[in-house]
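Biologist: I would like a close look at one part of this assembly, the place where two domains of a chain meet, set beside the other interfaces of the model. Please explain each term as you come to it.

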Amino acid sequence: MTGPAHIFDKPNRYIGKPEPRADAARLLQGRGSYVDDQKLPRMVHAAFVRSPHAHAKILSIDTEDARAAKGVIAVYSGEDLAAHVTPYVGTLTHLAGLRSMPQHPLAMEVARWQGEPVVMVVATSRALAEDACELVYVDFDELPAAVDSETALDLEAPVIHPELGNNLAWERDMVAGDIDAAFATPGVHVVEREFRFGRHTGVTLESRGTVCDYDPSENQLTVYYSGQAPHMMQVIFSKHLDLPEENIRVISNDVGGSFGIKIHTYGDEIATAAAAKLLKRPVKFIADRFESFVTDIHARDHIVKAKMGVTEAGTIVGIDFDDLTGIGPFSMYPRTSAIECNQVLNLTGAPYVMENYRAKGRVVFQNKTLMCQYRAVGHPIAMAIADGLLEDAARKIGMDPVALREINLMADDSYPRSSATGMKLDDLSHKRALRKLTELMDYDALRDERTEARKNGIYRGIGFVSMVEVTNPSPMFYGIGGAPIASQDGATVRLDAGGALHVSSSITEQGQGTNAILAQIAAGVFGVDLNRVKVTTGDTATTPYGGGTWASRGAGIGGEAMLQAAQALKDQVLEVAGVMLQTGVETLDIQGGAVTDLNGTIRLPLADLARTVYYRGNELPNDLNPELVATRHYRVTDFPFVFTNGAMAAHVEVDIETGFVKVLHFWAVEDCGRVINPLLVDEQIRGGVVQGIGGALYEECHYSPDGQFLNATMADYMVPMASEMPDITIAHIETPTKTSVLGAKGAGEAGTGGAPAAILNAVNDALSPMGASIWQMPMTPERILTALDQAD
Amino acid sequence: MKAPDFDYLLPASLDAALAMLAEHGGEAMPLAGGQSLMPMMNFRVAAPEVLIDLANLSELRGISIEGDTIRIGAMTRYAELMADADVQKHIPIFGLALPHIAHDAIRNRGTIGGSIALADPAAEMPALLRALNAIVEAEGPDGTRMINADDFFLGMFETALDGELIKALHIPVATSEQRFGFHELTQRHGDYALAGVAVVQTSNTYRAAFFGVADRATRVPDLEQALEQQDDMASVLEHLGNIDFTDDLKANHTTRQRLAGVALKRALKGMTV
Amino acid sequence: MSRSIDISLRVNGEDVRATVPSRLNLVDFLREELSLTGSHVGCEHGVCGACTLTVDGDTVRGCLMLAAQADGKDVITIEGLAENGQSAQLQAAFTKHNALQCGFCTPGMLASAIGYVNAGGIADREAIRQHISGNYCRCTGYQSIVNAICDVIEEKSV
């Protein structure tokens with residue numbers, strides 16, 4: 001499927017143009033509307049007593065003093081709420097063998113991670129609710145904790161769920177070809193490394209939060225929700241709070257960042273909804289920063305032992321690895337916590353032609369914060385394994401890493417095809433992307449500069465990654481496994497009486513520019529000026545049904561639905577215009593807000609057409625039934641998801657006295673198919689790269705051996721700030737996906753997925769003259785100094 | 001998190017403030033710029049029953065030259081220090097160091113006295129004052145005490161203050177025999193340093209005060225002596241072994257010792273008038 | 001001695017009188033009592049910069065100052081900057097460069113940027129990066145923000 005040329009080449013098209021976002025003005029004038037900005041009549045505030053222990057039996061809870069405290073409206077224990085909320089289990093049928101146990105909004109009997117909500121206090125202000133929390137006395141009997149994923153499966157390890165017998169949540173083996181034979185082939189060099197990826201979390205600047213408002217007269221729950229998937233949450237609230245789906249309205253206005261953090265079932269949010277229902281009044285819960293650190297989902301936390309075999313001539317014969325990841329005490333509901341490991345198994349080495357592949361994944365329970373899908377799920381691990389080993393192998397056989405990639409990357413004309421792991425691939429451009437990248441960065445000059453600098457004791461390194469990104473997921477991602485998660489999205493386009501378009505969509509805005517690209521697509525495809533399009537998203541009551549924004553699906557799926565809807569409305573409007581103008585529709589077009597001849601001469605302004613239809617229908621033939629609204633839905637078929645590809649490079653300088661790494665520059669060439677708005681996509685990729693640099697150099701959730709989160713402040717959990725970040729040069733290759741007319745693939749996760757591998761490779765390139773290398777992220781000064789100390 | 005409740009007092013004079021402090025004893029905390037205390041209160045780590053805001057104490061303000069020292073009121077904000085011509089002229093090391101202290105918005109509120117009273121071992125100001133051989137002027141119910149910076153910092157968040165408030169800091173003005181060096185190693189601009197050092201050289205003698213390395217701003221007499229004797233750098237750095245280096249998440253004691261050495265070398269390399 | 005304090009101050013050019021709990025910090029006061037929700041709360045420990053605003057001409061952290069301490073002061077929030085036109089150039093440049101995504105850091109970022117521009121900051125990318133390094137943005141790569149601030153300074157100097 002490719003679009004008719006006129007959709008993209010019309011004079012008034014907007015697709016592909018760097019149009020500034022219309023909603024920027026609102027945010028720049030302090031007129032955003034985030035959850036914490038909601039102030040409703042009779043609203044009260046929630047705070048939680050959280051487990052101070054990683055693993056503890058709850059012997060008793062004394063809430064008497066708290067109930068008597070100033071401003072307190074209600075105090076709930078786990079048992080109190082369990083009577084009103086059915087438990088939930090984070091398993092899906094397509095992840096065969098995945099195990100978890102029922103979860104309640106507040107801990108019941110046993111608390112299983114530090115930060116798990118145990119008691120909820122509702123008071124007239126957050127401060128008073130916190131005061132009362134200090135008056136709740138919980139008698140905990142501390143239990144031994146399974147903290148370290150490497151020992152969580154040991155026979156003597158404390159078992160978090162005795163019902164399950166051990167701490168194994170899921171495992172999967174994947175085999176293609178014969179890796180042992182391939183590695184044993186004479187002339188094959190095998191490199192072997194142990195990678196360690198620290199635990200990260202999303203650190204959305206706006207913390208999680210919700211305002212839940214229950215109206216008993218209509219049995220209606222309205223949820224103001226800082227999140228990504230309103231319809232999914234509608235089902236979850238309905239299912240577990242015993243309310244009809246249609247009586248729940250989920251509204252996501254402005255969302256202050258999400259990155260996969262705000263798409264899960266959090267006990268404190270469910271408890272807030274339950275409290276609203278019980279108290280019959282609005283309840284607000286806004287996580288503070290400490291609560292964010294200890295309860296927002298974490299990600300990564302993988303230990304990977306990996307090997308790659310390469311022939312003398314530079315042909316990769318295969319990859320063999322074992323991935324162990326810890327996910328906290330439960331699999332997160334409803335998306336599960338096995339997806340990241342599964343992605344690592346699926347995606348490692350996907351850019352490369354490879355016959356032999358063996359991977360083992362194990363996902364274990366531990367007494368830490370729950371882990372789930374955070375931006376670029378599994379990608380940074382998969383890319384670092386393959387491209388880290390690739391550059392290691394390049395050093396071993398004395399070949400330039402770009403040359404080694406050239407030999408092994410799938411040819412641009414070889415699609416459709418499958419990866420070694422059976423992923424269906426199409427419309428990719430690895431080789432063009434890599435060539436464009438090396439030109440963009442002037443690789444040859446940079447290499448010379450690096451050599452010169454080394455003579456002066458300045459250790460710079462260049463590192464690359466060739467990557468794929470999973471975008472535009474189909475029903476195969478979640479729906480097939482029984483999750484209430486839509487893979488299709490809908491768009492509605494309505495022509496109003498004044499000639500403007502009102503459009504709505506089930507994808508959501510968290511700052512990516514969703515609303516902007518929807519308007520661009522609608523305006524361009526239908527034929528009005530951009531400023532005549534108003535967009536509504538993020539409200540289950542007023543938008544079509546759909547999945548929301550995650551897994552880089554907004555532009556590709558929601559955008560295509562919008563394109564189809566705008567095209568449909570155009571056809572409907574032209575039918576009316578044909579009758580009114582007494583001419584064949586094939587002679588008409590819509591441009592600049594008017595029905596025109598094919599050459600652009602105005603025949604009938606849209607406002608005139610619409611007013612005739614709406615106000616003076618008597619002027620129309622009786623057998624004409626004008627429909628000035630169109631809705632279309634779209635889902636990806638034929639592919640489980642649509643892959644994009646990219647090539648990225650980092651230039652770093654390592655201070656070998658201090659172990660400090662300075663990223664000097666970063667380049668990214670991305671093929672996300674058709675670019676709808678380069679201004680938006682470029683900064684989205686940059687933001688992703690910076691998040692990836694965070695993972696590579698700074699970010700890590702530290703735990704004590706007994707499961708205490710040790711750095712749960714923004715001073716101690718280091719996110720990337722402006723001073724240390726490089727300028728990032730972005731370029732595009734546009735290979736539209738054939739799965740849609742629009743041809744757009746996602747771009748939201750590329751930077752986060754690719755940057756860590758590129759930075760790792762660049763650091764190792766810089767360290768190579770000393771014979772040192774590092775395989776643990778984040779690459780802290782201390783770890784780099786240790787690597788230097790251990791150099792051969 | 002929201003701060004626990006407290007009584008807010010705003011004394012109009014130093015005497016009144018001291019009386020309040022005496023009246024409420026351990027339940028009261030003085031509030032200077034609040035850039036460290038407020039976060040601690042917002043985390044409910046600090047929970048004073050009474051907060052005594054020093055904002056209106058004119059006795060704690062002002063910068064003046066008094067002979068061969070410069071007197072800086074305790075409530076002088078970092079931003080004021082950076083902008084003050086006398087400070088720029090007479091305490092050149094402040095010019096090197098102050099831009100490293102947090103960020104603009106923090107420096108607009110944070111005060112020199114507040115930093116000293118808090119005695120955060122990772123903060124720059126205690127080390128600067130030790131390197132500069134400054135004197136802390138403390139005012140208490142029993143009158144004024146002049147405490148050498150060397151005797152002021154007793155441990156992590158622990159000072160020689162005893163029911164007193166810091167009134168001012170007295171810092172010797174720079175002389176033509178002096179050279180100044182400052183270097184700190186932070187992964188991100190404005191963060192607390194993994195290791196840092198302030199060095200004041202007077203003719204051939206040195207005062208080198210390290211921060212971010214131990215439980216307090218730290219000088220190592222043997223090391224300073226080795227510098228004076230112009231020992232080779234390896235021998236100088238060996239004396240860092242006298243420091244009881246901190247182990248924490250960002251760096252263990254071995255790394256800290258190493259980084260302290262690098263900071264010292266770089267500070268010495270960059271000595272300016 | 002009291003756990004609530006009477007204050008009077010100017011906020012965005014308007015005189016405001018209020019009785020506030022002594023523990024209420026300035027940004028919560030502005031958001032909750034005055035419904036000036038443009039200033040955001042990101043960490044409440046002075047690190048993220050989302051609550052950065054202007055008090056008596058200085059940029060400060062709204063979470064590290066008590067409402068009580070704002071007595072007699074002149075406070076300008078992002079709403080005030082928009083109203084009095086002070087942020088117009090930066091707004092235009094931020095829009096042009098797409099120097100915001102979710103918008104949550106934006107009010108604080110603008111306050112810091114205005115502090116830099118008004119203090120005569122130069123169009124030097126490193127200096128700008130250093131200046132805004134107390135304002136966390138998780139969405140952009142900071143580059144567009146640096147570009148926008150650079151633009152405004154360069155336009156001013158023409």
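Biologist: How many salt bridges does the count give between domain 1 of chain C and domain 2 of chain C?

Modeller: The count between domain 1 of chain C and domain 2 of chain C is zero salt bridges, a salt bridge being a side-chain nitrogen of Lys or Arg within 4 Å of a carboxyl oxygen of Asp or Glu. This is a predicted model, in which local features need pLDDT of at least 70 and side-chain atom pairs count only at pLDDT 80 or more, while totals for chains, interfaces and linings use all residues. Residues are numbered from 1 along each chain as written, chains are lettered from A and ligands numbered from 1 in the order written, and side-chain values use heavy atoms, without hydrogens and water.

To place the part you ask about, chain C is divided into domain 1, residues 4-80, and domain 2, residues 87-157, the bounds coming from an automatic or database domain assignment. Taken over C-alpha atoms, the centres of domain 1 of chain C and domain 2 of chain C are separated by 22 Å. Where they meet, 13 residues of domain 1 of chain C are in contact with 11 residues of domain 2 of chain C (contact means heavy atoms within 4.5 Å). Between them, domain 1 of chain C and domain 2 of chain C bury about 870 Å², with 61% of it on carbon and sulfur atoms; buried area is the accessible area (1.4 Å probe) that two parts lose on being put together, summed over both.

Although the salt-bridge count between domain 1 of chain C and domain 2 of chain C is zero, four residue pairs, both partners at pLDDT 80 or more, are in polar contact between these domains. A polar contact is a pair of N or O atoms within 3.5 Å; within protein, one must be able to donate a hydrogen and the other to accept it, and residues adjacent in sequence count only if both atoms are side-chain atoms. On the side of domain 1 of chain C that touches domain 2 of chain C, strand 3 (52-55) and strand 4 (58-61) of chain C each supply at least two residues, where helices (H or I, at least four residues) and strands (E, at least two) are DSSP runs, numbered from the N terminus.

Chain A offers a second domain pair to set beside this one. Its domain assignment gives domain 1 (5-31 + 488-634), domain 2 (42-143 + 205-258 + 262-295) and domain 3 (298-420 + 428-475 + 638-789). The C-alpha centres of domain 2 of chain A and domain 3 of chain A lie 36 Å apart, and 33 residues of domain 2 of chain A are in contact with 27 residues of domain 3 of chain A. These two domains of chain A bury about 2,700 Å² between them, 64% of it on carbon and sulfur atoms, and in domain 2 of chain A the residues that lose the most area to domain 3 of chain A are Trp113(A), His264(A) and Phe293(A), which together account for 23% of what that side buries. Across the interface of domain 2 of chain A and domain 3 of chain A the rule finds zero salt bridges, and it finds 12 residue pairs in polar contact, both at pLDDT 80 or more. Helix 7 (230-241) and helix 9 (289-295) of chain A each supply at least two residues of the side of domain 2 of chain A that touches domain 3 of chain A, and helix 9 of chain A gives the most to that side, with five residues.

Salt bridges are counted where chain C and chain A meet, a contact that takes 48 residues from chain C and 50 residues from chain A. Chain C and chain A bury about 4,000 Å² between them, 55% of it on carbon and sulfur atoms, and in chain C the residues Gln101(C), Tyr136(C) and Arg138(C) lose the most area to chain A, together 19% of what that side buries. The count between chain C and chain A is six salt bridges, and the side chains of Asp131(A) and Arg23(C) meet in a salt bridge at 2.5 Å, N to O. The rule also finds 30 residue pairs in polar contact across the interface of chain C and chain A, both at pLDDT 80 or more.

Between chain B and chain A, finally, the count is seven salt bridges.
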